[in-house]
Each structure stands twice: as structure tokens, then as C-alpha cells.
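Visitor: I've got some time away from the bench. Could you walk me through this one?

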Protein chains: 2
Amino acid sequence: MKSVLRVIKIGGNIIDDETKLTTFLKTFATLFTPLQGMGAILVHGGGKLATKLAAQLEVEQQLIDGRRITDAETLKIVTMVYAGYINKNIVAQLQSHNCNAIGLSGADGNLIQSHKRQHPTTDYGFVGDVDSVNTELLKSLLDQNISIVVAPITHNKEGLLLNTNADTIAQEIAQAMSEFYEVDLIYSFEKSGVLLDVNDESSVIRNLTKKYYEELKTPLQGMEAPRIFAGMIPKLDNAFAALDKGVHRVIIGKAEELQDLIAGKAGTSINHE
Amino acid sequence: MKSVLRVIKIGGNIIDDETKLTTFLKTFATLFTPLQGMGAILVHGGGKLATKLAAQLEVEQQLIDGRRITDAETLKIVTMVYAGYINKNIVAQLQSHNCNAIGLSGADGNLIQSHKRQHPTTDYGFVGDVDSVNTELLKSLLDQNISIVVAPITHNKEGLLLNTNADTIAQEIAQAMSEFYEVDLIYSFEKSGVLLDVNDESSVIRNLTKKYYEELKTPLQGMEAPRIFAGMIPKLDNAFAALDKGVHRVIIGKAEELQDLIAGKAGTSINHE
């Protein structure tokens with residue numbers, strides 16, 4: 001039987017809120033001490049710190065269709081903030097709670113190799129799309145009861161660091177590790193889960209199967225919009241793609257409820273059937 | 001017989017010079033590919049990048065007796081620059097030369113634990129003095145043919161990151177690893193080695209024994225100053241202390257001559273006798 005591995009993504013709004021982050025890391029450390037015999041990989045986004053630093057340094061941020069363009073100066077900033085400041089502070093906090101964590105970027109130990117995004121009309125700059133995950137390195141660290149904290153910076157094996165979406169990194173790691181572990185992929189963010197009514201936090205869909213998801217995507221008779229919040233659709237499509245690639249379960253829910261998310265007592269659990 | 005391990009410190013002036021750094025890393029990668037069967041740990045300083053960023057962010061740098069005081073804002077800057085920008089760029093460059101490197105701060109995997117410096121009259125701020133080195137983690141990575149790149153940031157195991165002198169980190173790692181390896185500790189900087197005449201690059205002392213060092217520290221008859229450049233004395237005292245603590249050899253020389261330094265064809269080799 002494969003042992004269980006949790007790949008947990010924490011969103012930017014948790015990073016930006018010192019109290020929330022501290023609480024989250026305490027829970028994480030309690031759940032993933034060596035005694036528990038459970039492995040975990042934490043993937044963090046960047047939050048608003050990079051944007052704030054860019055403003056201070058008067059580096060103008062370009063957005064195309066809501067996506068940030070990573071020019072050379074912005075790449076330098078996100079490398080400093082994500083792989084330096086945020087990553088090392090998370091690791092130091094986990095260490096203080098006796099959780100032996102190691103912080104890595106995708107360049108470290110060739111953890112995540114990527115290529116510069118090619119797009120017919122838009123130059124996204126130094127943005128990387130993932131090619132491969134070094135599962136051997138992750139396994140070796142997990143075998144030593146070390147938890148891994150991954151910053152969303154990858155490299156192209158030709159000396160270039162690349163800014164990479166943290167949701168995608170979590171998904172790619174979860175998929176690659178499914179060969180060796182029963183992987184739960186957990187997206188923790190500010191909402192209680194996938195909501196039937198986006199304005200009602202109590203309308204969490206507890207179990208979302210492929211069949212039910214297809215139903216929710218189909219507008220009700222006489223309506224135009226799907227019943228599910230449109231902004232969630234790309235995330236959910238990715239979640240089902242991850243299941244297709246061997247991930248055991250995808251869980252979406254509130255970072256503050258990490259323990260209940262893992263125990264299946266909160267959030268939305270996404271399964272094939 | 002113990003296998004050989006090289007602990008190499010590169011000085012700030014190499015970090016600041018892109019061409020010199022690139023050349024150095026190419027040589028490093030050639031020497032320490034898995035095929036060579038030799039392990040290496042690279043410790044880097046910070047150079048002028050942190051000072052430059054502090055100026056841009058209008059964070060005033062305080063110096064007491066020539067030593068930088070690390071206040072909270074400066075700690076944030078050095079964490080970003082040392083553990084983020086410099087560390088990850090070195091790793092990405094080594095990866096491009098097929099040298100599988102991993103970049104770590106002292107917090108990662110509890111690599112280097114330290115305590116906040118206590119001083120009777122001066123508050124150095126967030127500066128750490130080293131308590132311990134996690135040799136198990138280093139051995140495990142070296143066994144996987146991974147080279148380690150260490151940023152001069154440590155932690156106190158209570159959640160605090162601390163700015164730590166890179167020369168000291170190199171020395172502490174070399175000393176701790178001497179239990180398991182025959183360790184060469186190499187300080188590479190801008191000079192050709194320890195010079196008899198500080199203004200003459202050709203006056204390199206090729207072999208410096210304890211006995212010869214004591215002679216050089218004693219002023220010649222009728223003279224007041226020791227024959228050796230006063231600025232080198234603390235470095236050399238530390239070098240001999242490292243030998244006392246089990247380090248096999250200490251080598252001091254030019255970063256551009258790394259290969260010759262290792263082969264004993266350049267620089268100053270410091271031995272007990």
C-alpha cells in the first residue's frame with residue numbers, strides 16, 4: 001500500500017496575513033511532525049509583498065489580461081521575495097515548531113525544470129511552464145522526515161530562473177508523486193470550499209464528483225449562466241485533470257481549517273465518483 | 001580512508017563581478033561533477049547588492065567599528081538578497097553546467113543553528129553566532145552527488161533568521177564535517193594568497209606552517225610592525241584554529257585560480273607543519 005502524501009498550496013492572502021500564516025504553520029507543524037509518519041509538501045504563492053517591493057523600487061508592473069508580465073527586474077524581485085524572504089521565514093517558523101522543513105526553489109536539486117512560456121501573440125517575459133519534477137529528491141527528503149517548502153520559482157536548466165504559477169507547481173508535484181504515494185492535493189485559500197452560492201459561505205459543496213460537476217456547469221432551464229461560480233471553473237478543470245493523472249483526492253477549503261480539510265470534515269473533496 | 005570534501009568560500013567581490021562569478025562557477029561545475037566523485041560545499045557572501053538595495057529602499061545602514069548592524073529592515077534585505085537572489089542564481093548557473101546543486105540557508109533542514117549575538121556594549125541586531133551544523137543533512141546530500149550552496153543566513157530554532165558571517169559559516173561547516181571527511185577549507189578572494197609584501201602579488205607565501213606564521217608575526221629587529229599584513233592576522237588565526245579542530249588543510253587564494261588552488265599549484269596552503 002502506498003503511504004499518504006499531502007501536497008498543500010497556501011494562497012497569497014494567507015502569506016499576507018501574519019496572524020493567519022502563523023496559525024496555519026503551527027497546525028501544519030503539529031500534523032507533520034516525524035512522529036505522525038506523514039509526509040507533506042507545502043507550496044506557497046507570493047501574495048502582495050512582491051507588488052509592494054516593486055512599487056518601492058519603482059519597477060512598473062505590466063499586466064496583460066490580468067496576468068503579470070515578468071520582466072528582468074520583476075524576476076529579480078520575485079526571486080528575492082518568494083525564494084528568499086517568504087520561503088525562509090516559513091521554514092524558520094516551522095523549525096521553531098520542531099517541524100524539520102527545507103525550503104527549495106525549482107532550481108535547487110533540479111526540483112522543477114521548466115521552459116520559458118511560448119505564446120503566439122503575448123510575451124509573458126520570464127514565466128516558466130513546468131516540464132518535469134525531480135521525484136527522487138523529494139522522496140529522499142521525505143524519507144528523512146523532512147517537509148518540503150516550495151517557492152514558485154523554477155529554472156530552465158540553462159541558467160535562467162522563471163516565475164511560475166504556484167497552483168500549477170502544486171498540481172505538477174502532486175501528479176508526479178502519485179506514482180509513489182497516495183497523494184492528497186489541498187488548495188487552501190480564503191473561502192470555505194467550492195460554494196453553490198458564491199455569496200454564501202455555508203453553501204459549501206462537500207463532495208464534488210465529475211458527474212455532479214458536469215451538472216453544475218450546465219445552466220438550469222431558462223438560465224444562461226452555469227450554476228457554479230465561473231471563476232472556479234479553471235481551478236476545478238485542473239483538479240479533475242489532476243485526478244486523471246493519478247492524484248487520489250483534491251481538497252479545496254479554508255487555510256484556517258487545515259486539520260479538518262485533511263480529515264475530510266471541511267471543505268470540498270473532489271473525486272472521480 | 002576518509003573521502004575528500006572541499007568547503008569553498010567565495011568573497012563578495014566575486015559575487016559583484018558577473019564575469020568573474022560565471023567563470024568561477026564553470027570551473028566549480030567542472031571540478032565537482034558526479035563523475036569526479038568529489039564533494040563540495042560552496043559558501044557565498046553577499047557583496048554590494050544588499051547595500052545597494054538598502055540604499056534604493058532608503059534603509060539606513062549603521063556601522064559600528066566597521067561592522068554592519070542588522071536591524072529588522074536590513075535582515076529582510078539580506079534574507080532576500082543572500083538566500084533569494086544570489087543563492088538561486090548561483091544554483092541555476094551550476095545546474096546549467098550539469099552540476100546538481102542545492103541552495104540552502106541555515107534554517108533549511110536546520111542546517112546551521114545560531115544564537116543572537118550577545119555583546120556587553122554593542123547591540124549588533126539580528127546577527128547570529130553559530131552553535132551547530134547539521135552534518136547528517138550535508139552527508140545525505142553529498143551521498144546523492146549533490147553540491148551544496150550555502151547562503152550566510154542562519155536561524156535560532158525559535159523562528160528568527162539571523163545574518164551570519166560567511167567566513168565563519170565556511171569554517172564551522174569545515175570543522176564539523178572533518179569528523180567524516182578529509183576537509184580542505186578554501187577561501188577564495190581577490191588576492192593571489194597570503195602575501196609577504198601586501199603590494200606585491202608575486203610575493204605569495206606558498207606554504208604557511210604554524211612555526212613560520214609565528215616568525216612572521218614577530219617584528220624583525222629594529223622594526224615595530226609584524227612582517228605579515230595586519231589585516232590577514234584574524235583570518236590566519238581562524239585558519240589555524242580550524243586546523244586545530246580537525247580540518248586537513250586551509251587554502252587561501254584567487255577565485256580565478258580555483259583549480260590550481262585545489263591542486264596545490266597556487267595560493268597559500270596553511271598546514272600545522
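Here are some questions about the model, with answers.

Guide: A quick word first: this is a predicted model, where local features need pLDDT of at least 70, side-chain atom pairs count only at pLDDT 80 or more, and totals for chains, interfaces and linings use all residues. Residues are numbered from 1 along each chain as its sequence is written, with chains lettered from A and ligands numbered from 1 in the order in which they are written.

Visitor: What kind of axis relates chain A to chain B?
Guide: Superposing chain A on chain B takes a rotation of 180° with 0.0 Å of shift along the axis, at an RMSD of 0.0 Å; the fit is by least squares on C-alpha atoms of residues with pLDDT of at least 70 in both copies. So the relation is that of a two-fold axis.

Visitor: And which residue of chain A has its C-alpha nearest the axis?
Guide: Look for the C-alpha that sits 1.8 Å from the axis. In chain A, that is A:Gly84.

Visitor: Which element gives the most to the side of chain A that touches chain B?
Guide: 34 residues of chain A are in contact with 34 of chain B, contact being C-beta atoms, placed from the backbone, within 7 Å. Helix H4 (72–96), strand E5 (101–104) and strand E9 (153–155) of chain A each give two or more residues; helices (H or I, at least four residues) and strands (E, at least two) are DSSP runs, numbered from the N terminus. With 14 residues, the top contributor is H4(A).

Visitor: What lies between the two domains of chain A?
Guide: Chain A is divided into domain 1 (4–190) and domain 2 (191–248 + 256–273), with bounds from an automatic or database domain assignment. Both domains give residues to the largest nonpolar core, so what lies between them is that core.

Visitor: How many residues are in that core?
Guide: Members are buried Ala, Val, Leu, Ile, Met, Phe, Trp, Tyr and Cys joined through C-beta atoms within 7 Å; buried means 20 or more other C-beta atoms within 10 Å, exposed 12 or fewer, partly exposed in between, with C-beta atoms placed from the backbone. B:Val7 and B:Phe28 are among those touching the most other members. The count is 168.

Visitor: In E8(B), which residue is the bridge partner of B:Gly103?
Guide: B:Gly103 is one of the buried residues of strand E5 (residues 101–104) of chain B. That strand and E8 (residues 147–150) pair in the parallel sense over 4 bridges, where pairing needs at least two DSSP bridges. The partner is B:Val149.

How values were computed
Contact = placed C-beta atoms within 7 Å.
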